[in-house]
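Work through the exercises below with the coordinates open. Try each task before reading its solution.

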Amino acid sequence: MIAALLPLLSPVLDKLVGLIPDPAAAAKAKAEAVQMMMDMAAKADAAQLEVNKVEAGSSSMFVAGWRPFVGWVCAAGCAWNWIGLPMGVFIAAAIGHKLDLRPADLSEMLPLLLGLLGMGGLRTFEKTQGVAR
C-alpha cells in the first residue's frame, strides 16, 4: 500500500520542501522525508512478508491456496490471449472456418498478476531516488 503511494507523494514532497527558503535545509528536509518514506515502505514490506510466510505454511487450502489459484487464473488468461486465441483462430482459418472469439479482458487481471509478482511502484521510486540495493 505504502509502496504504491510513494511515487504519488514525491511531487507533494517537492512542493513542501520548495517552501523552505534555505537550500541546504530544504535538501536536508527532503532527504529525511525520503528516508522516512523508504523506512515505512520497508516496514510494510517486512510485515507483508511475515503474513506471506504464515499463509504459505498453512495446511488449509483456503489460506495457502488462494495465491496459487489466482496466479494460475491470471496465467490461463494470459495464455489464452497470447497463445490459445491466435492459434485457435489460425487453425480454424486453415481448415476453412471463421471463429469470432474474443480475448480475455486483461485490464483488471494484469494489475492483480503484477501485484502478486511484486512488481509494484516501490522499485520505480527507489530508482528515481538513486537507491541501489
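## Exercise 1: a nonpolar patch

Ile91 is found in helix H4, which covers residues 66–94. The model is predicted.

**Task.** Classify Ile91 as buried, partly exposed or exposed, and find which residues make the nonpolar surface patch with Ile91.

**Solution.**
1. Take the relative accessibility of Ile91: 46%.
2. Exposed needs over 50%, and buried needs under 20%. Ile91 therefore counts as partly exposed.
3. Now list the patch. Ile91 joins Trp82, Ile83, Met87, Phe90 and Ile95 in a nonpolar surface patch.
4. Give its area: about 710 Å².

## Exercise 2: Asn81 and its partners

**Task.** Place Asn81 in the secondary structure. Then decide whether Asn81 is buried or exposed, and find which backbone atom lies 2.6 Å from a polar atom of its side chain.

**Solution.**
1. Asn81 sits in helix H4.
2. Its relative accessibility is 12%, so Asn81 counts as buried.
3. Leave out residues up to four places away in sequence. Asn81 then touches Pro86, Pro103, Ala104 and Leu106.
4. Look at Ala104 among these contacts. Its backbone nitrogen is 2.6 Å from a polar atom of the Asn81 side chain.

## Exercise 3: counting disulfides

**Task.** Count the disulfides, and explain why Cys78 is not bonded to Cys74.

**Solution.**
1. Start from the chemistry. A disulfide is a covalent bond between the sulfur atoms of two cysteines.
2. Apply the cut-off: two cysteine sulfur atoms within 2.5 Å. By this rule the count is zero.
3. Check Cys74. It is in no disulfide, and the nearest cysteine sulfur, that of Cys78, is 6.8 Å away.
4. Check Cys78. Its closest cysteine sulfur is in Cys74, and 6.8 Å is too far for a bond.
5. Add the burial of each. Cys74 counts as buried because its relative accessibility is 1%. Cys78 is at 12%, so Cys78 also counts as buried.

## Exercise 4: salt bridges

**Task.** State how many salt bridges the structure holds. Name the partners in helix H2, then the partner of Asp100.

**Solution.**
1. The structure holds two salt bridges.
2. In one, the side chains of Glu32 and Lys28 meet, at 3.9 Å from N to O. The cut-off is 4 Å.
3. Locate this pair. Glu32 and Lys28 both lie in helix H2, residues 23–57. They are four residues apart, about one turn of the helix.
4. Classify the pair. Glu32 has a relative accessible area of 48%, so Glu32 is partly exposed. Lys28 is at 54% and therefore counts as exposed.
5. Arg102 forms a salt bridge with Asp100, with the closest N and O atoms 2.7 Å apart. Both of these residues are exposed.

## Exercise 5: the whole chain

**Task.** Describe the chain: how many helices and strands, what share of residues is buried, and what share of the exposed area comes from carbon and sulfur atoms?

**Solution.**
1. Count the elements: six helices and zero strands. Along the sequence the pattern reads α-α-α-α-α-α.
2. Of the 133 residues, 20% are buried.
3. The chain exposes about 9700 Å². Carbon and sulfur atoms supply 71% of that area.
4. Finish with contacts between residues at least 6 apart in sequence. Of these, 59% join residues at least 24 apart.

Conventions:
Residues are numbered from 1 along each chain as its sequence is written. This is a predicted model: local features need pLDDT of at least 70, side-chain atom pairs count only at pLDDT 80 or more; totals for chains, interfaces and linings use all residues. Side-chain values use heavy atoms; hydrogens and water are left out. Buried means under 20% relative accessible area, exposed over 50%, partly exposed in between (1.4 Å probe, protein chains only). Patches are made of residues with over 30% relative accessible area and no salt bridge: like charges are joined within 9 Å, nonpolar side chains (Val, Leu, Ile, Met, Phe, Trp, Tyr) within 5 Å. Accessible areas come from the Shrake-Rupley method with a 1.4 Å probe; for residues, only the protein chains shown count as cover. Helices (H or I, at least four residues) and strands (E, at least two) are DSSP runs, numbered from the N terminus. A polar contact is a pair of N or O atoms within 3.5 Å; within protein, one must be able to donate a hydrogen and the other to accept it, and residues adjacent in sequence count only if both atoms are side-chain atoms. Contact means heavy atoms within 4.5 Å.
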